[in-house]
Amino acid sequence: MRLGVLDVGSNTVHLLVVDAHPGARPLPAHSHKAELRLAELLDGDGAIGPDGVDRLIAVVHDALQAAEDKGVEELLPFATSAVREATNADDVLTRVQTETGVRLQVLTGAEEARLTFLAARRWFGWSAGKLLVLDIGGGSLEIAYGIDEEPDAAASLPLGAGRLTSAWLPGDPPASDDVRALRRHVRAEIARTVGEFSRFGAPDHVVATSKTFRQLARIGGAARSAEGLYVQRELKRQSLEAWVPRLAGMTAEERQELPGVSDGRAGQLLAGALVAEAAMDLFGVETLEICPWALREGIILRRLDHMGPV
């Protein structure tokens, strides 16, 4: 069947259309996305303002039209941290459903981590052994660890690249004192969770998902996306540590000139790099591998599992 996953994230609203059936690899058929940056549209009270809700509804309408055009039989709509943590989340969800007919399922942070872990496990297979999976979104950092398809430990921290940039790095380029303060904050937050994972022992394989990690790997020399999904891409901590001070000294416009860095994410790249560097350091990771599958694919795989064999 042709499935559509509508991901209302902290940075983008992304419709992924795939052809799928139980027991088979989902085949991407179409991708439709819009930069919305909900994490940056919260007001002083933590609510998504009327303009932000109007823009969200318009983008959902566009995604529904794209889904119809591509023959989607079933739509799986969900929202992550920006909607989940908005103080007016219930009102936002009600308006979206009333005006578009779409009932967004709001995932908890732990659900995000578990579903992303499932996608990574299916991608790398059982031979990867104990997996540690890291994912940096616009609003949160997800961490999951385990040897099966359900992780033994999962955590979600409010350390998304968009959230941190708007709250901690107002300058362009940012002030060095602001960068140091954010670095201290990120490391303190991650350090609180390390013990929860380290009691299970060292992972056999460390992987990362998300555009932030892909862009950091690319500027560190990894293959371009045009070279295909199956090319191995790695991010080394040594490379990341060398890039962090360089990114801190650049404006967002200068970061846009780096290989693989999109205009919409250039402003967030430093905050994402600080989170990635801290996670790799505190978890003792020298090299991680980029996983092409993430939360959206996890949603699809879970849906297919529930369908059973045809």
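Helices and strands here are DSSP runs, where a strand (E) has at least two residues and elements are numbered from the N terminus. By that rule, Lys-236 is found in strand S10, which covers residues 234-236. Keep in mind as you work that this is a predicted model.

## Exercise 1: Placing a lysine

Decide whether Lys-236 is buried, partly exposed or exposed, and find how far it lies from Glu-277.

**Solution.**
Step 1. Start with the cut-offs: buried means under 20% relative accessible area, exposed means over 50%, and partly exposed is in between.
Step 2. Lys-236 has a relative accessibility of 43%, so it counts as partly exposed.
Step 3. Now turn to distance. Along the sequence, Lys-236 and Glu-277 are 41 residues apart. In space, their C-alpha atoms are 9.6 Å apart.

## Exercise 2: A salt bridge between two strands

Find the residue that pairs with Asp-19 in a salt bridge, and say which elements the pair ties together.

**Solution.**
Step 1. Recall the principle: side chains of opposite charge can pair when their charged atoms come close.
Step 2. The partner of Asp-19 is Arg-2, and the closest N and O atoms are 2.8 Å apart. The cut-off for a salt bridge is 4 Å, so this pair qualifies.
Step 3. Asp-19 sits in strand S2 (residues 12-19) and Arg-2 in strand S1 (residues 2-8), so the bridge ties together parts that are 17 residues apart in sequence.
Step 4. Check the surroundings. Asp-19 is partly exposed at 31% relative accessibility, and Arg-2 is partly exposed at 22%.

## Exercise 3: Salt bridges elsewhere

Describe the salt bridge of Arg-180 and that of Glu-227, then say how many salt bridges the whole structure holds.

**Solution.**
Step 1. Arg-180 meets Asp-177 in a salt bridge, with 2.2 Å from N to O. Both residues belong to helix H6 (residues 176-198), where they are three residues apart, about one turn of the helix. Arg-180 is partly exposed, at 44% relative accessibility.
Step 2. Glu-227 forms a salt bridge with Arg-224, and here the closest N and O atoms are 3.8 Å apart. Glu-227 counts as partly exposed at 44%, and Arg-224 counts as partly exposed at 44% as well.
Step 3. Salt bridges can also join up: Arg-187, Arg-237, Glu-241, Glu-277, Asp-281 and Glu-286 are linked in a network.
Step 4. Searching the whole structure gives 23 salt bridges.

## Exercise 4: Negative charge on the surface

Name the residues that gather in a patch of negative charge, and look at where Glu-257 lies.

**Solution.**
Step 1. The surface patch is made of Asp-172, Glu-253, Glu-254, Glu-257 and Asp-263.
Step 2. Glu-257 belongs to the loop between helix H9 (252-255) and helix H10 (269-282).
Step 3. Its relative accessible area is 66%, so Glu-257 is exposed.
Step 4. Look at Asp-172 once more: the peptide bond from this residue to Pro-173 is cis, with omega near 5°. Pro-173 is placed in the loop between helix H5 (161-168) and H6.

## Exercise 5: Residues in loops

For Ser-140, Leu-38, Arg-37 and Ser-210, decide from the relative accessibility whether each is buried or partly exposed.

**Solution.**
Step 1. Ser-140 lies in the loop between strand S6 (131-136) and strand S7 (141-146). At 3% relative accessibility, Ser-140 is buried. The side chain of Ser-140 makes a polar contact with the side chain of Glu-142, at 2.8 Å.
Step 2. Leu-38 is found in the loop between strand S3 (27-35) and helix H1 (50-69). Its relative accessibility is 0%, so Leu-38 counts as buried. From Leu-38 to Arg-121 there are 83 residues in sequence and 29 Å in space, C-alpha to C-alpha.
Step 3. Arg-37 lies in the loop between S3 and H1. At 29% relative accessibility, Arg-37 counts as partly exposed. Although Arg-37 is not a glycine, it has a positive phi of about 55°.
Step 4. Ser-210 is in the loop between strand S9 (205-209) and helix H7 (211-219). Ser-210 has a positive phi of about 100° and is not a glycine. At 8% relative accessibility, Ser-210 counts as buried.

Notes: Residues numbered from 1 in each chain as written. Predicted model: local features only at pLDDT ≥ 70, side-chain atom pairs only at ≥ 80, totals over all residues. Heavy atoms only, no water. Patch = residues over 30% accessible without salt bridge, like charges linked within 9 Å, V, L, I, M, F, W, Y side chains within 5 Å. Areas by Shrake-Rupley, 256 points an atom, 1.4 Å probe, with all protein chains shown as cover. Salt bridge = Lys/Arg side-chain N within 4 Å of Asp/Glu carboxyl O. Lys, Arg positive; Asp, Glu negative; His and termini not counted. Charge placed at Lys NZ, Arg CZ, Asp CG, Glu CD. Helix = DSSP H or I, 4+ residues; strand = E, 2+ residues; numbered from the N terminus. Buried < 20%, exposed > 50% of the residue type's maximum accessible area, 1.4 Å probe, protein only. Polar contact = N/O pair within 3.5 Å; in protein donor to acceptor, adjacent residues only side chain to side chain.
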